[in-house]
Amino acid sequence: MNWIRTRLALLALAALAFAGAAFAQGRELPDFVKLVEDQGSAVVNISTTQAVRRISAMPQIPGVEDEEVQEFFRRFIPRQQPGPQQGPRPESRSLGSGFIISADGYILTNAHVIDSADEITVKLTDKREYKAKVIGADKRTDVALIKIEPNAPLSSVKFGDPGRLRVGEWVVAIGSPFGFDNTVTAGIVSAKGRALPQENFVPFIQTDVAINPGNSGGPLFNMRGEVVGVNSQIYSRTGGYMGLAFAIPIDVALDIQKQLRDKGRVSRGRIGVVIQEVSKDLATSFGLDRPRGALVNSVEKGSPADKAGIEATDIITKFDGKLVDSSSDLPRIVGATRPGAKAELEV
C-alpha cells in the first residue's frame, strides 16, 4: 500500500505544479480591459458620402488627344439622352476609423478614408454624430486631419514613442472593421521600419493585429494605453486580413497633422537625386563593410545635390546626422527636412 500512497503523492504534486504553472502563465497574459475602457471613447467611426458623377457618353480613344478627332465624335456620334426614369444621383458610402487627438474635436485618420468625400460623418461611442470638415490630407503618407464642432470637450488619446516599441511587444487596435464599431483586436509588433513599394516616406510598424476594411485610420495602442501608430494598410491576396498589417508611426502622423493644421499642406525637402539599393556585390566593389547607404544613379542639374558636389556612383551613408542604412531611408529623412534648411551628407 505504501507504493500506492507514494504514487498518489507524486500525482498530487504534479497536479499542483501544473496548476501553479498555468496560474503563473495566466498572470503573464496581457489584460486589455482597462486600456479599452480608458481609451475606447476616443476612437470614432467615420462614414463618407460621395455623389456618383455622371460619366460622359462621348467615347474616349486611348492615346488620342487631337481636338479635331474629339470634335468629330461630339458632332456625329449621338449621346445618350437622360431618360424620364432617372432620379437623384446615387451615392456611395465608405467606412473607416479615426481617433480624437484634442478635446476641441481634431481627429486623425487616413487620407484614403476621406478621399473624394462630399460629406463626412463622425460617430462617437455614445452614438452622437457630427459632420466633419477636412483640414488637410497628405496622400504620400496617407494621413488626414478632420475637425468636428462638439458641444462639450471630448476625450482624446495619449501619444507614445514609436521608437521605444520592441519587436514582440503586445499592441492593440480599436476600429470599425466592416462597420462594427469599437472592435478590439490585439497582436504583437512583427517588425519595425518596414519599407513598402511606392511608400518612401513612412517607416511602417508591421504587426499581426487583425486589421480589416473599416479599421483604416484607427489607432494602434501600446500596453500603456498610448497611441503609437495609425493603422493604414494590410498585405492581402484576398482583400481581407492575412496576418500582416502596417501602421504609420504616430510621430510621423503628428508631424504631418501639424503642417496640415498650420498651412493646410505638407512641405518636403528634396535634393534631386535618383537612387538605388546597394546590393552585396555593389558593396564589395565599392569597398563597403556591408550593404548600406543609397547609391546615386543620377543627379538633377542645378539641384541641391548638384550644387553640393554629389555625383553619380556616390553612395550616401548619412544625411543630416542620420544613418542611411537602406536606400529607402534617404527619401524619408530628406522629406522630413525643412525646405531651405542646410544639412550635411556623408558619402
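Select Thr313 to begin, and you will find a residue that counts as exposed, because its relative accessibility is 51% and the exposed class starts over 50%. In this predicted model, Thr313 belongs to the loop that runs between helix H7 (304-307) and strand S16 (315-316). Look also at the backbone here, since the phi of Thr313 is near 80°, a positive value in a residue other than glycine.

Next, select Asn182, where the backbone again deserves a look: this residue is not a glycine, and yet its phi is positive, at about 50°. Asn182 sits in the loop between strand S8 (170-175) and strand S9 (183-196), and with a relative accessibility of 32% it counts as partly exposed.

Stay with that loop and select Gly179, which is also found between S8 and S9. Gly179 is partly exposed, with a relative accessible area of 27%. Now add Gly96 to the selection and draw a distance between the two C-alpha atoms, which are separated by 7.7 Å although Gly179 and Gly96 stand 83 residues apart along the chain.

A similar exercise can be done at Pro30, which has its place in the loop between helix H1 (2-28) and helix H2 (33-39). Which residues does Pro30 contact once its neighbours within four places in sequence are left aside? They are Trp170 and Met223. Trp170 is 140 residues from Pro30 in sequence, while the C-alpha atoms of the two are 7.8 Å apart in space. Pro30 itself is partly exposed, with a relative accessible area of 23%.

Before going further, colour the model by confidence. The protein averages a pLDDT of 84, and 81% of the residues score at least 70. Over residues 22-26, however, the pLDDT is below 50, and this stretch has zero contacts in the model beyond near neighbours in sequence. Residues 69-80 also have a pLDDT below 50, but that stretch has 17 contacts in the model beyond near neighbours in sequence.

Turn now to the buried part of the tour and select Thr207, which lies in strand S10. Thr207 is buried, with a relative accessible area of 1%. If residues up to four places away in sequence are not counted, Thr207 touches Val171, Ile188, Val189, Ser190, Leu220, Gly243, Leu244 and Ala245. Its side chain is also worth following towards Val209, whose backbone nitrogen lies 3.3 Å from a polar atom of the Thr207 side chain.

From there, select Phe204 and Phe246 together. The structure holds two aromatic pairs. In the pair formed by Phe204 and Phe246, the ring centres are 6.2 Å apart and the planes stand at 75°, so the pair is edge-to-face. Phe204 lies in strand S10 (residues 199-207) and Phe246 in strand S13 (residues 245-249), so the pair ties together parts that are 42 residues apart in sequence. Are these two residues buried or exposed? Both Phe204 and Phe246 are buried.

Keep both rings displayed and add Ser232, since its contacts outside the neighbours within four places in sequence include Phe204 and Phe246. The other contacts of Ser232 on that list are Asn110, His112, Asp142, Ser216, Ala247 and Ile248. With Asp142, the contact is a polar one between the two side chains, at 3.0 Å. Ser232 has its place in strand S12 (residues 226-234), and at 5% relative accessibility it counts as buried.

For the last close view, select Tyr106 and show its ring together with Lys147 and Arg261. The charged end of Lys147 sits over the ring of Tyr106, 5.3 Å from the ring centre. Arg261 lies over the face of Tyr106 as well, at 3.8 Å from the ring centre.

Finally, zoom out to the whole protein, whose secondary structure comes to eight helices and 19 strands. Of the 347 residues in the protein, 40% are buried. Among the contacts with a separation of 6 or more, 62% come from residues 24 or more positions apart. If you switch to a surface view, the protein exposes about 20,400 Å², of which carbon and sulfur atoms supply 53%.

Terms used
Residues are numbered from 1 along each chain as its sequence is written. Side-chain values use heavy atoms; hydrogens and water are left out. Helices (H or I, at least four residues) and strands (E, at least two) are DSSP runs, numbered from the N terminus. Buried means under 20% relative accessible area, exposed over 50%, partly exposed in between (1.4 Å probe, protein chains only). Contact means heavy atoms within 4.5 Å. pLDDT is the predictor's confidence in each residue, from 0 to 100. A polar contact is a pair of N or O atoms within 3.5 Å; within protein, one must be able to donate a hydrogen and the other to accept it, and residues adjacent in sequence count only if both atoms are side-chain atoms. Accessible areas come from the Shrake-Rupley method with a 1.4 Å probe; for residues, only the protein chains shown count as cover. Rings of Phe, Tyr and Trp (its six-membered ring) pair if their centres lie within 6.5 Å; planes under 30 degrees apart count as stacked, over 60 as edge-to-face and the rest as tilted. A charge sits over a ring if NZ of Lys or CZ of Arg is within 6 Å of the ring centre and within 35 degrees of the ring normal.
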